[in-house]
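Trainee: I've got a model open and a pile of labels on it. Can you walk me through where those labels come from?

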Amino acid sequence: MELWNSSTWGSSFILVGILNDSGAPDLLCAMITFLYMLALASNGLLLLVITTDVRLQVPMYFLLGQLSLVDLLFTSVVTPKTLLDYLRRENSISFGGCALQMFLALMLGSAEDLLLAFMAYDRYVAICHPLNYMIFMRPRVCWLTVATSWILASLTALGHTMYTMHFPFCLSLEIRHLLCEIPPLLKLACADTSRYLLLVYVTGVTFLLLPLSAIVASYTLILFTVLHMPSNEGRKKALVTCSSHLTVVGMFYGAATFMYVLPSSFHSPKQDNIISVFYTIVTPALNPLIYSLRNKEVTGALRRVLGKYVLPVQPTH
């Protein structure tokens, strides 16, 4: 079989995403556009509220702001190109563009994975050790956790991107996926990728299941503490905050585990496409709504910010 030289940066892949395989592509395109606009508006507004309202200048909302930033960037790496490709009827992506998209998607996905674990630790300290909260979660610790997330995610993404893109690829350069990701791209490689697939699996387990184990342990301890709270109001507030986080954790880890931990024989390219839409488009749009709609502090801050910047009080005559 003739090979394509992967070092030829002028060559292109063809992204055959979910819009190409859909029975109603126009409707799906409209839905994706709506979700992207929702993700931009909701995450942008949540970032504005967290950075401008002094009452939200606490570790919990600092980490939530980082999550909103990651979601905003993550969906912007994938969605605009998907929509533009469909509207222009042009699905090509250059070798360099594919490598860049893969790096950014891996980096942002890994950063979100670690951030969710640190957010679970934050809730554990706040509920189980409230008197020491500002000691365990002082600003230096918060910045260290965020920096750790970004650095580890960047290094992992860089290593995987460089190694994946070094393979020679076949002349059939159709990537049957929404974006450039490791599993669908390796299917085009004209070389033995079995050892590297094992490494991808080990990395996926490490980056997903270890933080998920920390999250489960944190919430197990939180549950025991909440059940022994004497105040019904305190118990309700803790459960509301934690249920929002667990909903986000379930959506993200469920999709990522399906894609990177389950063997490829357990899912088809069409299922991979649907899952990729879920964690790159749907989840970033829903995360800020999940965190804000049931959180009185966020909704209160939102009303104050909107009243100050958007809906100024008109003077009475």
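Mentor: Sure, we'll take the labels one at a time and set each value against its cut-off. Keep in mind that this is a predicted model.

Trainee: Let's start with T161. Why is T161 called buried?

Mentor: Its relative accessibility is 7%. Buried means under 20%, so T161 counts as buried. As for its place, T161 sits in helix 6, residues 139–164.

Trainee: What makes the pair of T161 and F103 a polar contact?

Mentor: A polar atom of the T161 side chain lies 3.5 Å from the backbone nitrogen of F103. The cut-off is within 3.5 Å, so that pair makes it.

Trainee: And which residues does T161 touch, leaving out those up to four places away in sequence?

Mentor: A99, M102, F103 and L106.

Trainee: On to S110. How do you know whether S110 is buried or exposed?

Mentor: Same recipe. S110 has a relative accessible area of 12%, and the line for buried is drawn at under 20%, so S110 is buried. You'll find S110 in helix 4, and a polar atom of its side chain lies 2.8 Å from the backbone oxygen of L106.

Trainee: What does S110 contact beyond its neighbours within four places in sequence?

Mentor: A153 and F207. For a C-alpha to C-alpha distance, take S110 and V261: they are 14 Å apart in space and 151 residues apart in sequence.

Trainee: Why is S22 called partly exposed?

Mentor: S22 has a relative accessibility of 24%. Buried needs under 20% and exposed needs over 50%, so S22 falls in between and counts as partly exposed. S22 is in the loop between helix 1 (18–21) and helix 2 (25–52). From S22 to K270 there are 248 residues in sequence, while their C-alpha atoms are 9.8 Å apart.

Trainee: And what makes R89 exposed?

Mentor: A relative accessibility of 59%. The bar is over 50%, so R89 counts as exposed. R89 lies in the loop between helix 3 and strand 3 (92–94).

Trainee: What is there to say about the phi of R89?

Mentor: The phi of R89 is positive, about 55°, although R89 is not a glycine. Most residues other than glycine have a negative phi.

Trainee: Now the interior. Which residues of the largest nonpolar core touch the most other members?

Mentor: F13, L116, F169 and L185, out of 93 residues in that core. Helix 4 (residues 95–128) gives the largest share of this core, 18 residues.

Trainee: How many cavities of 30 Å³ or more are there?

Mentor: Two. The largest holds about 330 Å³ of space, and the second largest has a volume of about 80 Å³. Both values are over the 30 Å³ floor.

Trainee: What lines the largest cavity?

Mentor: There are 22 lining residues, with L106, G109, S110, L208 and Y260 nearest the centre. The elements giving two or more residues to that lining are helix 4, helix 6, helix 8 (194–227) and helix 9 (232–260). By class, the lining has 14 nonpolar, six polar and two charged residues.

Trainee: And which residues line the second largest cavity?

Mentor: M60, L64, M119, D122, R123, T241, H245 and Y291. Helix 4 supplies the largest share, three residues, and helix 3 (59–88), helix 4 and helix 9 each give at least two.

Trainee: How do you know that two of those residues are charged?

Mentor: Asp and Arg both count as charged, and the lining includes D122 and R123. The rest of the lining is four nonpolar and two polar residues.

Trainee: Last one: what makes the largest pocket a pocket rather than a cavity?

Mentor: A cavity is a set of points the probe cannot get out of, whereas a pocket is an open set. The largest pocket has a volume of about 660 Å³. It is lined by 25 residues, with K237, A238, T241, N295 and E297 nearest its centre. Helix 9 gives the largest share of that lining, eight residues. The pocket's lining divides into 13 nonpolar, four polar and eight charged residues.

Notes:
Residues are numbered from 1 along each chain as its sequence is written. This is a predicted model: local features need pLDDT of at least 70, side-chain atom pairs count only at pLDDT 80 or more; totals for chains, interfaces and linings use all residues. Side-chain values use heavy atoms; hydrogens and water are left out. Helices (H or I, at least four residues) and strands (E, at least two) are DSSP runs, numbered from the N terminus. Buried means under 20% relative accessible area, exposed over 50%, partly exposed in between (1.4 Å probe, protein chains only). A polar contact is a pair of N or O atoms within 3.5 Å; within protein, one must be able to donate a hydrogen and the other to accept it, and residues adjacent in sequence count only if both atoms are side-chain atoms. Contact means heavy atoms within 4.5 Å. A nonpolar core is a set of buried Ala, Val, Leu, Ile, Met, Phe, Trp, Tyr and Cys residues joined through side-chain atoms within 4.5 Å. On a 1 Å grid over the protein atoms alone, a cavity is a set of points where a 1.4 Å probe fits but cannot get out, and a pocket is an open set with protein on both sides within 12 Å along at least five of seven lines; lining residues have an atom within 4 Å of a point. Grid points are joined across faces, edges and corners, and a volume is the space filled by probe spheres set on the points.
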